[in-house]
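Student: I have a model open beside its sequence, and I would like to learn how to read its features one at a time. Could you take me through them, with the general idea before each case?

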Amino acid sequence: MFNNGLMNADVAIEIIAEMLANCVFALKSEKDENKIKELEEKKKLYTIQREKIYSGDIETINYVIENYGKKLKEQR
């Protein structure tokens, strides 16, 4: 039987990894300084959230799954 907490953490790790990758990819081609600054802030946030996920922060895990997971699902 799978541990639901570990599965949620694994899902959150995958989601935040995709959010980070999308942000880095967008930064590579962006020329607008304001947009670059916004993307850099998002990148910092995602990095902090990734560390919290690895630390087992349930609130962050749930936030990432519920909010970013929904956003990624809508993009597909």
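Tutor: Let us start with burial, keeping in mind that this is a predicted model. A residue counts as buried when its relative accessible area is under 20%, and Tyr68, with a relative accessible area of 8%, is therefore buried.

Student: Which aromatic pairs does Tyr68 form, and how are the rings of each pair arranged?

Tutor: The general idea is to look at the angle between the ring planes, where over 60 degrees counts as edge-to-face. Tyr46 and Tyr68 form such an edge-to-face pair, with 5.4 Å from centre to centre and 85° between the planes. This pair links distant parts of the chain, since Tyr46 lies in helix α2 and Tyr68 in helix α3, 22 residues apart, and both Tyr46 and Tyr68 are buried. The rings of Tyr63 and Tyr68 have their centres 5.6 Å apart and their planes at 85°, so that pair is edge-to-face as well. Tyr63, however, has a relative accessibility of 39% and counts as partly exposed. Taken together, Tyr46, Tyr63 and Tyr68 form one aromatic cluster.

Student: What is the overall make-up of the chain in which these rings sit, in helices and strands?

Tutor: The chain has three helices and zero strands, and from the N terminus on its elements run α-α-α. The C-alpha trace spans about 50 × 25 × 15 Å along its principal axes, and 25% of the 76 residues count as buried. For a sense of how the chain is connected, consider the contacts between residues at least 6 apart in sequence: 60% of them join residues at least 24 apart.

Student: How should I read a single helix, and which residues of α2 are buried?

Tutor: An α-helix has 3.6 residues a turn, so residues three or four places apart point the same way. In α2 the buried residues are Leu39, Tyr46, Gln49 and Ile53. Seen down the axis of α2, these buried residues fall within an arc of 85°, so they line one face of the helix. They pack against α1 and α3, whereas the face of α2 turned away from the buried side carries the exposed residues Glu33, Asn34, Lys37 and Lys44.

Student: What does Gln49 touch, and is this residue buried or exposed?

Tutor: Gln49 lies in helix α2, which covers residues 33-54, and with a relative accessible area of 8% Gln49 is buried. Leaving aside residues up to four places away in sequence, Gln49 touches Ile16, Thr60, Tyr63 and Tyr68, and two of these, Tyr63 and Tyr68, belong to the aromatic cluster.

Student: How do the length and the ends of α2 look?

Tutor: For the length, one compares an expected span with the distance between the end C-alpha atoms. At 1.5 Å a residue, the 22 residues of α2 should span 32 Å, and the end C-alpha atoms are 32 Å apart, which agrees. At the N-terminal end, Asp32 caps α2, with a side-chain oxygen 3.3 Å from the backbone nitrogen of Asn34. After α2 comes Gly56, whose phi is positive, near 90°.

Student: How many salt bridges does the structure hold, and where are the partners of the one between Glu18 and Arg76?

Tutor: The structure holds five salt bridges, and for each one it helps to ask both how far apart the atoms are and where the partners lie in the chain. The side chains of Glu18 and Arg76 meet at 2.7 Å, N to O. That pair links distant parts of the chain, with Glu18 in helix α1 (residues 4-29) and Arg76 in the segment after α3 (58-75), 58 residues apart. Glu18 counts as partly exposed at 27% relative accessibility, while Arg76 counts as exposed at 72%.

Student: And which salt bridge does Lys35 form with a residue of α2 about one turn away?

Tutor: Lys35 forms a salt bridge with Glu38, the closest N and O atoms being 3.6 Å apart. Both residues lie in helix α2, three residues apart, which is about one turn of the helix. Lys35 is partly exposed at 31% relative accessibility, and Glu38 is partly exposed with a relative accessible area of 38%. Another salt bridge joins the side chains of Glu51 and Arg50 at 3.9 Å, N to O. Elsewhere, salt bridges that share partners join Lys35, Glu38 and Lys42 into one network.

Notes. Residues are numbered from 1 along each chain as its sequence is written. This is a predicted model: local features need pLDDT of at least 70, side-chain atom pairs count only at pLDDT 80 or more; totals for chains, interfaces and linings use all residues. Side-chain values use heavy atoms; hydrogens and water are left out. Helices (H or I, at least four residues) and strands (E, at least two) are DSSP runs, numbered from the N terminus. Buried means under 20% relative accessible area, exposed over 50%, partly exposed in between (1.4 Å probe, protein chains only). Contact means heavy atoms within 4.5 Å. A salt bridge is a side-chain nitrogen of Lys or Arg within 4 Å of a carboxyl oxygen of Asp or Glu. The expected span of a helix is 1.5 Å times one less than its number of residues. The arc is that of the directions from the helix axis to the C-beta atoms. A polar contact is a pair of N or O atoms within 3.5 Å; within protein, one must be able to donate a hydrogen and the other to accept it, and residues adjacent in sequence count only if both atoms are side-chain atoms. Rings of Phe, Tyr and Trp (its six-membered ring) pair if their centres lie within 6.5 Å; planes under 30 degrees apart count as stacked, over 60 as edge-to-face and the rest as tilted.
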